[in-house]
Every structure is written in structure tokens, then in C-alpha cells.
Amino acid sequence: MKQTNEQGILLEARQVSKYFGDFVANDKIDFAIRPGEILALLGENGAGKSTFVKMIYGLLAPDEGAFYWQSKPLTLSSPQQAREMGIGMVFQHFSLFEMLTVAENIELALQGVHDREKLAELIVEKSTAYGIPLNPDSLTADLSVSQRQRVEILRCLLQDPKLLIMDEPTSVLTPQEANQLFDVIEQLADSGCAVLFISHKLDEVKRLTKRAVILRAGQKVADVDSKKQSAGELAALMVGDEVAHIKRQSAPKQSLPRLSISALSRPAEGPFNVSLKQIELTVNQGEILGIAGIAGNGQTELMDALTGEWIDKSATASILLHKDRQADIELIRQGPTERRRAGVGFVPEERNGHAAIGELSLSENTLLTTHHIEQASQYDLVNDNFCRDYAGQITQKFDVRLPSKNPQASQLSGGNLQKFVVGREILKSPDLLVVSQPTWGVDIGAAIFIRKAMLKLAEEGGAVIMISQDLEEIFSISHRIAVINNGQLSKTYDAATITAQKVGLLMGGAG
Amino acid sequence: MITLTPRRHVAWQLTLLIPVIAVLITILAGGVIFAVLGYEPLETLFEFFIKPLSQPYQFGNLMVKACPLIIIGTGLVFCYRANIWNIGAEGQLIFGALGAGLLALSFPDVTSKWFLVPMAIAAMLAGGLWAFVPAVLKVRFNTNEILVSLMLTYVAGFFLDWLVRGPWRDPMSFGFPLTPSYGDGALISGLVLPGIGRLGQLHWAVPLSFVVAFIGWFVMRHTLTGFQVRVIGNAPQAGKFAGFKPDRVTYGVLIASGGLAGLAGMIEVSANIGQLQPNVSFGYGFTAIIVVFLARLNPVAVIVAGLVVALAELGGDAAQISLGVPKVVTGVFKGILLFMLLSGETLTHYHIRFGRAQTASRKHQEG
């Protein structure tokens, strides 16, 4: 380690910028990594981490600035070129063929023709040396997630990389498996390979790395000694202090509960899904409850469980809707239609193909969430007039701008379609509105409009559960805040008093 | 390397034009094939597409030929709209013929035409049952309905073959693989048009096929059932979000299309053949697939498309008789037509680029 630190810089970025249209994904980033160094790249969703490493791996080209590899200018036009230079990358989602063996999957990634027997020997030798033993003849489909990750890692190692990029490698692992992985990474670093470790888990970053580069909104905001900083300081750097100054909403006093969730659990369905662990939550009338969290921590799974697209069949779980002047309604076994009938509205994260269908007209799209209403369809007959009229009301009241009369949903811009799918639910004056990422990818004007509409619904006595990765959004309109991390929901905090640092810690799993 | 990138918007005029262009190119290609085979292209095309319509009675025969295609096609529209690829309508047709045949042969002495009603019901149940097999396998075990339904077609064919050679064979048939002829009540009569009289083989089930197509259009366009089929086929996730049940749609469309194919089988036997024999269909179940694509998955357009494809079938017969053009040419025609339709479909929805696949960086800049 001592020697390697004295060596020169392996990879350097000077003033690297990347734009997608008007959006600045990376803004003049300076960056350097030395051989044998384990460096953490830390940031929220959308901070620009992925864009940055994609440029290093040759998947994207920088618009401004340049990369230098061992002090020589580096221009990559493909990942293959990057691999030839000695840059390897282990992706968060693996790309292995399930029906092939370990050896076959590895052979596919290597250039040129290989002697199968020698390759098999090499796999056994290398994998044992790094303490991640693999049988070259195992069928990939039979391997566990961590074993599959080992195949991915070994695939990189066989190309003798000088720099290994690992994109949130522990997100699919158990704590024990993660510890094994850290041993491998440390061993790699000792042998002189630089490791760029992308993560948002603060305790891991502190444990594994000495240095952390923190990105926020496309800019490098800090380059710090990760051992000296506390998890709280790292969280604050990651989240930034802008959100601390946002004027918060204060929770309405003495409000009655609208929805009580208890003991909601869900096993992970696939290797890249998160399991929900004993979710407990109460939302009151007249408030917006914001659920913050970094993408992939169970938001999708929670949303499905709330809409009824996935149903918890366990005996203990409960989702109880409290109605005014009516008996409470147990929703846990109900599908989406029954939940809507009970007075709940939903806006899922994905507009295209989930909340709306691009190929269908707007009036047909209203039917997706109104078909249980008697005026919309009765005796299986669809009332076209009702649908057109309802779509017209949405477009008028929610300022949806149309290119033509009753266009296909695909002809609307993202912001207008989002106003439409949000308006479709709010117009029904639901007792409870559940929204996920309500302003993701929409223009500022539409975002403000949607946030105001949700606040108005809350003022009128409705309750809103808002799942969002946008902390600014969470802080500016929530009355109370909870954080989801790795399928666990934190307790609920008053938005007026919780600090940004506390939210950052909870998001990083260190709260 | 060829890369396909989806187009943002597809003009609706193009959607209408594609089938017309496909038919024209097919006719053109047909002319070339005739020339290569040594036939006078124009004369043969005339023989193929114009001659079969030169006499009024031939219109009747054309509609008779189109009748099963329209009925089967209507059912397949529902399947394909739901993204369920039932390729086994031919087998479901055979089972329908068997279901109706069981009744007809069990009660040979019935003379009332009302007997056709229970026969039609039996045919639809039997056809639906045969389509239920791929449905249940798909829902339970996620098997591929294309393979299962196609393979079951051959099972149905052999089952019919065995029945007419074995247990159901007419003892008086001098060893021919035929069942006894159906009784009067089990036969569909010819249709006498007021003022015109009989028009070729035209029978009562022809107007019924038009009614079926219109009902199909109504269900697809104006009912929640049809809406569910379109939603699930288009975006399954949106369907689940709406609270629709994809499995139920899979069962529904397969059983409905199987039932309609079965009805077509019963009509074919009761109107045209009069008894069961090893072959009860001229591949209508397969030809209907082309009809459905020509109709762009619209039940009313299935009527027109059914007539166009039926014309090619009749033309094949006529050209074989008058000029000795091999009957297989009809099959080639159908193949070219389907190919043209599918490529037209692809070209309207995608840009095609030749050359090496571009790197991600450049794609991003374009996007």
C-alpha cells in the first residue's frame, strides 16, 4: 500500500461535463484515483454518479473536459476499448445467461478463442485465490445471487484490470455476503488494482474506503477522508444544505387517522427486488406524508402493495382505511378496483404503460381508473360520453395542454401527461391519494402545479402518501416525513423539525 | 447490422394504406412468379382475380368461402389484441365439427332446423375446450400458447381421422373413411334471395358470419370486456393497475376464439359437406391468421379481408382448372401477402438503419 500511494495517478478527470439536452448531468468534475486505492463515489439519485462512471467505462462520451489514463489522454468509444485498457465494471444488475455454465458465461466476455480446459483451470485457480471459489461447470441458473456476482467479478478479474468500477455491489447481498465481498475488494486493492466503489450506504463507505468523492446535482461537492468524517457529516454533504432552508409545512393539529398500515411484509420476488419488512404507518386526514428514500429501497414494492397490484396474504397484515361517518374498511385483501371503490386514488411512478397507455386516447385512459364508477360503465357497456366529459374536466381543471382534441396519451409531453394522471385521481376527491414520484421528469411549471394540487387536496381533508426520491419535494410539501431504506420504513417525523442530516442518515441506512 | 428504432408517431392514414399496398405488391409479385413459371402474367392474374367474379353465382361461392374465415378471424382478433397468439384455430375448428357431429350422428332422424342451435352450441363448447388446453397450460405453467395450440391442431386432425375410420365410420360406406350423412335437421339450407333466387352455394350461415363480425366489433369497441382485452394486450402493467386480471383475459380470448373456430367447423360440415370425413377444412384456421392481419385486427375489416383472401383461394381453383397453374401457387400468394403485411407493419412502426450498431454516446446525443 505504501508503495502504491507513491505511484502516479491512474485515472484522472479534468473539468469533465456531460449534458443531456438542457440537463447538466455532470458539471466540470475533477477527479483522480491512484493504483491500489479504494475510492467511494457517493451521492443521491440523479447526483450524476452513473453518468460519470459510464464515461469512464466508455458507454458515454464527455461533452467537455477530458480523461487521462496514466497521464495520457484517454478517449474511449466503447466498453470493449475500456476493458482492453484495463478498466472493468461490475454492474448492479448482472448480465449473465442463465442457461449457460459459469465457464461459458466467462468465455463469452473474453476476447478471442480460448482453450476451455485451461479456462476452467484458470477459473478455479483465480476464484480460489480471491476466496470466492466457483465451479466452472455450474449452471448459472442454479447459482445464488452472490455467486452470480462472483461470476461477474471474476469475469473482470480475468482481464487483469487496473481499475474496477463496482456499481452498488452490496445492494443485492446479505450482510455476511457483503463482508466477504469487502475482503475480495481489499485483496484486490492490495494487489494494486484501483477500486471505484459506488454506494449510498454510509457505514459501508466508512468501513471500506479511505476517501470519498461526493457528487450532488452533477457537481463534485467534496473530496474527503471518509474515515475522519462521521456518517452524519457524509449524509449532510450528500443531501446538501439547500433543502435545510426550504420552508416546511406544519402538520395540522389533532387530526384523525385516515389510513393505518400494520405488519405489511413482502418477500423479495427476484434477485433485484427488495423485501418489505413489517411496514407500520399511519397517515392522518389533511396531511401529506412524504416517504423519502434512495431508488431501489422498496419503493416500487411498497407502491404495488398499496395499490393492490400485489396482495399480502398473511394473516397479520392490515391496511385499514378510516372513513368519515362510516365503518372502517379493511383493504389488505382487496384488489385495485375495490380499493378505488373504497375511496383511494393511485398515481404510480411510471406514466407510460402503467398509469396510462400511450396508444389509447385520453378518454379511454380515464377509464383505467374510473371503470368501477357506475356512470362510466354499466352492464359491461362503456359510456363514451362520460369518459370524454371526464377527460375534458381533467384537462380543463389541471391545465393539461393538448395538441388536438382527445389525443393519444403518447402525444402529450411528460408534464402534461403527469398532470392528467394526477388530475384523474384528484378529481374523484379521494379520501386518500397515494402517489409515487409525482413530479419525476416533468418541467418546473407542471411540478409546481401538481404539488399545489396535492396540498389543496390535503387542505380539503384528504390524506396523501407521497413516495419520492426528490428531497426538495419531500421537504417542501410534506407535513410529516418517513424514510424507506432496504425495505424498512422508519418512524414518522414531523416535517417542521426533522433535519436534512437526519433524513440523509436514514436514507443511508445509518439512522 | 440492421437496427430498428421505434418511430414516435404513426400517421393513421398509413395504417389504412398498408394492407392496400401489401395486396398490390402481392399481386405484382404473383405476376412475376407466373412469368417465371412460363404463364402469361396478365392472363393468369385475370384468371385469378377477375374471372371468379364474372358471374353472379360466383359471388355466392365467394361469400361461402369467406364465411368460416370471417367467423374464425373475429375470434382471433380478440386473441391477438390481447397479445395471445392462438395459431391452432384449425384444430379448434376440427373439434367444433366433432362436437356438432356427435349430436348430428346421435340423432340422425331429427328434421327440425332448430336442431342446428344445440349443434352450434356443442361445436362452440368443443372448440372452446380445445383452446382451453393451451390457456390453462399458459396460465398455470407459463407454456408458450403458439406451440401448444399449433401442436394440438395435429392431435385434433388425427383424432378426427381415427373417428371416421373407426368408431364413427358408416358401415355402408364400402370402406371409405366417411360417417353416415347428416339428417335433414343437421344441415344448413341454401339461402334464397328475394328476386334473385339462389346465388351459387350461398347459405344461411353467411349472413350469420357478418353478424358475428359486427358483434365482435361492438364488444371490442364499446364494452369494458373489449377494453380489458386491449389494455392487457397493450400494457399488462397498466391492466393490473386498472384492476383487470390478465389470466382471466387469457382464458377468455382463447376460449372465445376456440368457440368461434368450432362454430366455423360445424358450419363447414353442415352447409357444405353433409358428413364427417378425414378432411373437414381447407386450412381455414391457418388462412384466417392472414385475414386477421390483413384486417389490421379490426373485426369489421375482417369481413372485407375475408372476402379478399377467399377470392385468392377461388382464383387458385379457377386458374388450375383453366390454365393448369398448380394449386400451391395460392399458398405462395398467401405467404407473400402475410410477409408483406408484417413487413409493412414493421416499417410503419420502426425506422431501419443499416450499418454498425451505434455506440450509446451517439444515441444519447440524438435523443
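Start by selecting A:Ala66 in this predicted model: it has 13 C-beta neighbours inside 10 Å, and because a residue counts as buried only at 20 or more and as exposed at 12 or fewer, A:Ala66 is classed as partly exposed.

Now show the secondary structure around it. A:Ala66 sits in strand 4 of chain A, which runs over residues 64-69. Leaving aside residues up to four places away in sequence, A:Ala66 touches A:Arg14 and A:Pro73, so add those two to your selection. For a long-range distance, pick A:Lys502, which is 436 residues along the chain from A:Ala66; their C-alpha atoms are separated by 37 Å.

Next stop: helix 7 of chain A, residues 175-190. Put a distance label between its end C-alpha atoms and you should read 23 Å. That agrees with the 22 Å expected for 16 residues at 1.5 Å a residue, because the span is taken over one less than the number of residues.

Colour A:Leu181, A:Ile185, A:Leu188 and A:Ala189, the buried residues of helix 7 of chain A. They lie on the same side of the helix, because they cover an arc of only 95° around its axis. Turn to the other side of helix 7 of chain A and you will find A:Gln176, A:Asn179, A:Asp183 and A:Asp190 exposed.

What do the buried residues of helix 7 of chain A pack against? Select strand 3 (38-42), strand 7 (163-167), strand 8 (194-199) and helix 8 (202-208) of chain A to see their partners.

Finish just after helix 7 of chain A, at A:Gly192, where phi is positive, about 105°.

Conventions
Residues are numbered from 1 along each chain as its sequence is written. Chains are lettered from A and ligands numbered from 1 in the order in which they are written. This is a predicted model: local features need pLDDT of at least 70, side-chain atom pairs count only at pLDDT 80 or more; totals for chains, interfaces and linings use all residues. Helices (H or I, at least four residues) and strands (E, at least two) are DSSP runs, numbered from the N terminus. Two residues are in contact if their C-beta atoms, placed from the backbone, lie within 7 Å. The arc is that of the directions from the helix axis to the C-beta atoms.
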